[in-house]
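Here is a short briefing for you to read alongside the coordinates. Have the viewer open, and pick out the residues as they come up.

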Amino acid sequence: MTAKTLLSLRGLTVRFRLPNGETVAVDGIDLDVAAGEVLGIVGESGSGKSQVLYSLMGLLAANGRAGGQALFEGVDLLSLPRRELDTLRGQQISMIFQDPMTSLNPYRRVGDQIAEGLIVHEGLSRTAARAEAVRMLDRVRIPDAANRARRFPHEFSGGMRQRVMIAMALLARPKLLLADEPTTALDVTIQAQVLDLMAELARETGTAIMLVTHDLGVVARLCDRVAVLYGGRIMEEAGADALFTSPAHPYTRGLLDATPRLEMELTRRLGTIPGTPRSGGGDVIGCPFAPRCSARMARCTTERPAFAERPHLAGTRRVACHLIAEAAE
């Protein structure tokens with residue numbers, strides 16, 4: 001049985017006004033997220049990954065604007081009035097940011113910050129909300145939760161602060177959790193613990209996760225499906241297993257070739273992608289990866305490749321590449 005589509009992005013764009021014109025951060029992407037699945041969004045810095053999440057939450061910078069559609073259970077998040085969006089993102093959509101220290105109020109006790117959402121959105125009394133906050137801190141394995149709830153963020157380690165953010169995000173049992181590089185600031189051991197905790201709690205609550213990261217090891221550990229972004233567009237989207245075992249797009253192959261693996265021979269050199277990553281700028285007529293692609297053809301610089309299903313590839317997937325399209329004809 002196919003899982004119900006929870007979020008459907010159609011032609012999503014994000015543009016920023018600058019003194020010398022506009023820059024395009026997200027360039028017309030189509031993407032679906034099913035209830036209960038974990039979708040990874042990967043790509044180099046500046047590929048537009050985080051701006052996808054910020055557009056859904058209404059958190060773009062003042063000079064930014066989103067276009068297209070972002071249908072959450074049929075409701076377009078991009079056209080919702082601010083009050084309705086605030087209610088929705090407090091109850092049904094939550095977000096974990098990259099740096100928990102800047103996401104937590106340094107002047108308020110951790111337990112009070114967690115309880116606030118339950119008081120505002122669930123109508124719980126302060127006493128009941130605080131008790132629930134302690135229970136959730138214990139659930140995310142914060143030791144001595146009742147005592148810790150009375151402490152301030154600076155009294156927590158980085159890993160424990162990120163656990164607090166997970167507790168806050170999942171307390172209302174949202175249908176969708178947006179995670180923007182949630183383990184970047186943590187050491188490898190703590191990363192693994194936090195990722196396992198996110199996956200465990202998401203399974204228990206049925207929450208879908210959109211995980212933005214540049215770490216392919218994190219994706220392999222956690223994700224069911226992966227979307228690879230470059231220059232604000234999706235280059236390839238596939239199941240995680242299929243993507244790692246048989247990458248199709250030249251950019252995806254380049255990313256994987258540049259990733260160290262345990263089974264790699266000691267004498268083998270890591271691969272590199274020549275050139276400089278595209279970050280912002282105006283509209284691109286052809287494929288944004290064309291200047292760096294060793295397999296580019298003449299049409300790659302003059303014609304936008306269709307982002308379409310390619311059932312002839314191992315593990316049906318969607319790819320935006322003229323070379324792959326021609327191979328299927």
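The notes below cover empty space, cysteines and aromatic rings, in that order.

This is a predicted model. Its largest pocket has a volume of about 710 Å³, while the largest cavity holds about 90 Å³ of space. The structure has zero disulfides, and a search of the whole structure gives four aromatic pairs.

**The largest pocket**

- A total of 24 residues line the largest pocket, and those nearest its centre are R89, G90, G117, H121 and M168.
- Four elements each supply at least two residues of this lining: helix 2 (82-91), strand 6 (93-96), helix 4 (110-122) and helix 7 (158-170).
- Which element gives the most to the lining of the largest pocket? That is helix 4, with seven residues.
- Sorted by class, the lining of the largest pocket comprises 13 nonpolar, seven polar and four charged residues.

**The largest cavity**

- If you are looking for enclosed space, one cavity of 30 Å³ or more turns up in a search of the whole structure.
- Around the largest cavity there are 14 lining residues, and H249, C287, C293, C300 and C321 are the ones nearest its centre.
- The lining of the largest cavity consists of eleven nonpolar, two polar and one charged residues.

**Cysteines**

- C300, one of the residues nearest the centre of the largest cavity, is a handy place to look at sulfur distances.
- Why does C300 form no disulfide with C287? The closest cysteine sulfur to that of C300 is in C287, 6.3 Å away, which is too far for a bond, because a disulfide needs the two sulfur atoms within 2.5 Å.
- Is C300 buried or exposed? C300 counts as buried because its relative accessibility is 9%, and buried means under 20%.
- C223 also counts as buried, because its relative accessibility is 8%.

**Aromatic rings**

- A pair of aromatic rings is described by the distance of the centres and the angle of the planes.
- Y230, Y251 and F289 are linked into a cluster by ring pairs.
- A charged side chain also meets a ring in this model: R148 lies over the face of F156, at 5.4 Å from the ring centre.

How values were computed. Residues numbered from 1 in each chain as written. Predicted model: local features only at pLDDT ≥ 70, side-chain atom pairs only at ≥ 80, totals over all residues. Heavy atoms only, no water. Buried < 20%, exposed > 50% of the residue type's maximum accessible area, 1.4 Å probe, protein only. Phe/Tyr/Trp six-rings, centres within 6.5 Å; stacked < 30°, edge-to-face > 60°. Lys NZ or Arg CZ within 6 Å of the ring centre and 35° of its normal. 1 Å grid on protein atoms, 1.4 Å probe; cavity = no way out; pocket = protein on both sides within 12 Å on 5 of 7 lines; lining within 4 Å. Points joined across faces, edges and corners; volume = space filled by probe spheres on them. Nonpolar A, V, L, I, M, F, W, Y, C, P; charged D, E, K, R; others polar.
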